[in-house]
Amino acid sequence: MRREFSWRMFASEFNNAQFEEKGTGEMAPSYVITPLGGKVNRIFLVGVLTDVEPVSEDRGFVRAHVSDPTGVFTLYSGQYQPEITEQLSSMEIPAFVAITGKSRAYIPEDGDMLYASVRPQQISIVSPEIRDEWIVETCKNTFERINAMQEALKMSENHDSELQNLGFGSYLSKCIQTAVQKYEHIDLDQYKNMLKEALNYLTEGPGIMAESSDDVDIDSFTKPKNEKKPVKMPPNQQETSNKIHEAEDIVLEVIRSLEGEDGASWDKITGQCENKNLDVDTIEEALNSLMEKGLIYEPVLGTIKTT
């Protein structure tokens, strides 16, 4: 079974999730549904690892927290992930980390509040520049979902098809429709202010809040106010970024050659890309990036089409 799409999302939105969608079947994935239309099975986050503590010594469980400009992600790792658990436990605190993990949802028996957390699958130490780049990219992704949700809330029905007619991707449109059906009230001003808070963190430092909740200008996410020159990444990180961009071109070309009317299967895409000397992790990263950019979508699970 292929990996799920990895969402880039701020802690504030992830922690506000109050619904879980469980798949049918023994191996079917489950999703945390966020107010802005996130349908999260896997998540990619970057922030500051602030603490790691044991919560069940006999079972080897640890709990950790990673902060971003909007809030704090809660992570749990245990005996079924001994390498990740050991890696977390041995890290120096604080540290800038990049984490890919699975979403988890917990609802206490005596309550109706959902608590979302992350089970880490990969952890890497990163630079402050990579953390800042993640903030910018996550602002862009969140901004697109705010725009899509803003349009959806004006509609009485058929959110999916009408959003696609407005130019939003098929997968995003379906996710937005799911959120609209589940949440009675979605406070978009809250999330616009969240984006401003994240951007202010980059340009002016933590603790400075935007004065109003006016519409956010997406251009501001690409040009920090107090920066005259773009932040330069170290050579090895720049090479990684370039590698992903080159992989996107190859993957997109492969999809177009395979898709026909019904789309291309994930396995066939991966197989042909491997023949072009791309490794599986790079292929998946390129597919995730292309989905985020709205260049491809998933009409049915395991099938990819270009937009």
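The exercises below, each with a worked solution, concern a predicted model.

**Exercise 1. Overall content**

State how many helices and strands the protein has, and what share of its residues is buried.

Solution. The protein has 9 helices and 12 strands. Of its 307 residues, 49% are buried. For the contacts, take those with a separation of 6 or more: residues 24 or more positions apart account for 62% of them.

**Exercise 2. The sheet with strand 3**

Determine the order of the strands in the open sheet of 3 strands, and name its edge strands.

Solution. Start with strand 2 (residues 19–22) and strand 3 (residues 30–33): they run antiparallel and are joined by 4 bridges. One pair to locate here is Glu20, whose bridge partner in strand 3 is Val32.

Next, take strand 3 with strand 4 (residues 39–40). This pairing is also in the antiparallel sense, over 2 bridges. Val32 has Val40 as its bridge partner in strand 4. Val32 can thus be followed to both sides, with Glu20 in strand 2 and Val40 in strand 4.

The order is 2-3-4, with antiparallel pairing. Strand 2 and strand 4 are the edge strands, as each pairs on one side only.

Finally, look at the connection. Strand 3 and strand 4 form a hairpin with 5 residues between them, and Gly37 in the turn has a positive phi of about 90°.

**Exercise 3. Strands 6 and 7**

Describe how strand 6 pairs with strand 7 and how many residues lie between them.

Solution. Strand 6 covers residues 61–68 and strand 7 covers residues 71–77; the two pair in the antiparallel sense over 7 bridges. Within this pairing, Ala64 has Leu75 in strand 7 as its bridge partner. The two strands form a hairpin, with 2 residues between them.

**Exercise 4. The setting of Ala11**

Is Ala11 buried or exposed, and which residues does Ala11 touch beyond four places away in sequence?

Solution. First place the residue: Ala11 lies in helix 1 (residues 11–15). Its relative accessible area is 0%; the cut-off for buried is under 20%. Ala11 is therefore buried.

Then list the neighbours. Leaving out residues up to four places away in sequence, Ala11 touches Asp68, Thr70, Gly71, Val72 and Phe73. Among them, Asp68 falls in strand 6 and Gly71, Val72 and Phe73 fall in strand 7.

A further distance can be checked: the C-alpha atoms of Ala11 and Leu45 are separated by 8.7 Å, the two residues being 34 residues apart along the chain.

**Exercise 5. Packing of helix 3 and helix 5**

Classify the packing of helix 3 against helix 5, and identify the residues through which they meet.

Solution. Helix 3 (residues 128–152) and helix 5 (residues 170–182) pack at an angle of about 60°, and their axes are 10 Å apart. The angle lies outside the roughly parallel class (under 35 degrees) and the roughly perpendicular class (65 to 115). The two helices are therefore oblique to each other. Their crossing is right-handed.

From helix 3, the contact residues are Glu144, Arg145, Ala148, Met149 and Ala152; from helix 5, they are Leu172, Ile176, Ala179 and Val180. Sorted by class, the contact has 7 nonpolar, no polar and 2 charged residues.

Methods:
Residues numbered from 1 in each chain as written. Predicted model: local features only at pLDDT ≥ 70, side-chain atom pairs only at ≥ 80, totals over all residues. Heavy atoms only, no water. Axes fitted to C-alpha atoms, helices over the stretch in contact; angles between N-to-C directions. Parallel < 35°, antiparallel > 145°, perpendicular 65-115°, else oblique. Left-handed = near helix turned anticlockwise from the far one by under 90°. Contact = heavy atoms within 4.5 Å. Nonpolar A, V, L, I, M, F, W, Y, C, P; charged D, E, K, R; others polar. Pairing = 2+ DSSP bridges. Buried < 20%, exposed > 50% of the residue type's maximum accessible area, 1.4 Å probe, protein only.
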